[in-house]
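Subject: Structure for you to look at, with notes

Dear colleague,

Here is the structure I promised to pass on, followed by my notes on it. Please read them with the coordinates open beside you.

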Amino acid sequence: MKNKILAVLTGLSMITTLCACGSAAPAGNETAEEAPVAAEAETETAAESDHAADASAQETSDASDGEKTWIIVTDTSFKPFEYADESGNYVGIDMDLLAAIAEDQGFKYEVQVLSWDAALAACQEGLADGMMAAVSVTRERMDQGWIFSDGYYDSYQCMAVAKDSGISGFGDLAGQAVGVKSGTISAEYALGLSEQYGFVMSYFEDSPTMYRAVLDARVAACFDDAPIMASNVKDNGLDLVMLENTGNEPTPYGFLTFDPANRELIDMFNEGLANVRANGKYDEILDRYLGS
């Protein structure tokens, strides 16, 4: 698509240049023999301009007639749902599930990796068609205009602390800072507890940076989605412990859009999700990333 756009712009540039050359007035010392040559050149230039315009119009038509490629944004700081592997490939439960659903439904898509806030903004501003990044489905978000698919994984949020911190629960957090990720359900969960237990919020853009802040004792604890936290602790050997009895009620993850015109994409996602659950691919994907 990018190359086609550049080709169209190049064609239009040629038209402008050629038309400008063809409209130049003859010089005052033009001879009688030179005039027909100039007229012939002007005719050829006009023909070339018409040809370039036709080519550009055809290419634009071809682009509009082509199959739509949906732009899907994500934030790869939510391992095991989306992350970059050692080769730089984007993998995880969400990425594999999206690929399986697209194959089942026969639609094309392109993944663009952004931060959480930027991904949401891209959807809200119409720069992306949908978002898949371990996004919790809540009534509040739906009331704000988020359009969700059916849930594809139930998750909950909980708190983690450094192993040697001595913190055993919410009651040990009075007067201390607690890490959360901006714009997430885990941040909302922590905020709802902050006044009761007397801690303050410290916001981070991604999970790894937040975990490091706990390990460096810059914050006393952190809140995050339980499966994401468990995966990071296990795979990266982090000296964090997820505390029991600090979790909230589970909520499902969903694929989302903000544009009602993209309902087709939501419908395809839902139908594909039902099919990959039925044929066993869904369980295979979960076992690939969450199995022991």
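I begin with helix α3, in which I93, D94, M95, D96, L97, L98, A100, I101 and A102 are buried. Please keep in mind throughout that this is a predicted model. The buried residues of this helix pack against the strands β1 (69-74), β3 (90-91) and β4 (108-113), and also against the helices α9 (263-278) and α10 (281-290). As a check on its geometry, the 13 residues of α3 (residues 93-105) should span 18 Å at 1.5 Å a residue, and the C-alpha atoms at its ends are indeed 18 Å apart. Just after α3 comes G106, which takes a positive phi of about 75 degrees.

For orientation, the protein chain has ten helices and 14 strands, and of its 292 residues, 44% are buried. If one takes the contacts between residues at least 6 apart in sequence, 73% of them join residues at least 24 apart.

One instance of distant parts of the chain being brought together involves α3 again: A274, which lies in helix α9, has its C-alpha atom 9.1 Å from that of I101, although the two are 173 residues apart along the chain. A274 itself counts as partly exposed, because its relative accessibility is 44%. As for L273, its contacts, leaving aside neighbours within four places in sequence, are L97, I101, D150, G151, Y152 and Y282.

Both L97 and L273 also appear in the largest nonpolar core, which has 62 residues and in which L97, M131, M132, V135, Y152, Y211 and L273 touch the most other members. Apart from that core lies another, of 17 residues, with I167, F170, A190 and L193 among them. In soluble globular proteins, nonpolar side chains tend to be buried together.

Two residues of that other core, A190 and L193, bring us to helix α6, where the buried residues are I185, S186, A187, Y189, A190, L193 and S194. They pack against α5 (139-143) and against the strands β8 (157-162), β9 (177-181), β10 (200-204) and β11 (221-225). The span of α6 can be checked in the way used above: its 13 residues (residues 185-197) should cover 18 Å at 1.5 Å a residue, and its end C-alpha atoms are 18 Å apart, which agrees. Just after α6, G198 takes a positive phi of about 70 degrees.

What of the cysteines C158 and C222, are they buried or exposed? C158 counts as buried because its relative accessibility is 3%, and C222 is buried too, with a relative accessible area of 0%. The sulfur of C158 has its closest cysteine sulfur in C222, 8.6 Å away, which is too far for a bond, given that a disulfide requires the two sulfur atoms to be within 2.5 Å. The count of disulfides accordingly comes to zero.

Turning to empty space, there are two cavities of 30 Å³ or more. The largest cavity holds about 70 Å³, and of the 13 residues that line it, A134, S136, T184, I185 and D225 lie nearest its centre; I185 is also one of the buried residues of α6.

The second largest pocket contains about 190 Å³ of space, and its lining is made up of K79, P80, Y83, P227, A230, S231, K234, D235, Y289, L290 and G291. The elements that contribute two or more residues to this lining are α8 (226-236) and α10, with α8 giving the largest share, five residues.

Y83, one of the residues lining that pocket, is also touched by N89, whose contacts beyond four places in sequence are Y83 and A84. N89 is found in the loop between β2 (83-84) and β3, and it counts as partly exposed because its relative accessibility is 43%.

If you have time for one part of the model, I would suggest looking at I101, which is buried in α3 and is in contact with L273.

With best wishes

Note on methods. Residues numbered from 1 in each chain as written. Predicted model: local features only at pLDDT ≥ 70, side-chain atom pairs only at ≥ 80, totals over all residues. Heavy atoms only, no water. Helix = DSSP H or I, 4+ residues; strand = E, 2+ residues; numbered from the N terminus. Expected span 1.5 Å × (residues − 1). Buried < 20%, exposed > 50% of the residue type's maximum accessible area, 1.4 Å probe, protein only. Contact = heavy atoms within 4.5 Å. Core = buried A, V, L, I, M, F, W, Y, C linked by side-chain atoms within 4.5 Å. 1 Å grid on protein atoms, 1.4 Å probe; cavity = no way out; pocket = protein on both sides within 12 Å on 5 of 7 lines; lining within 4 Å. Points joined across faces, edges and corners; volume = space filled by probe spheres on them.
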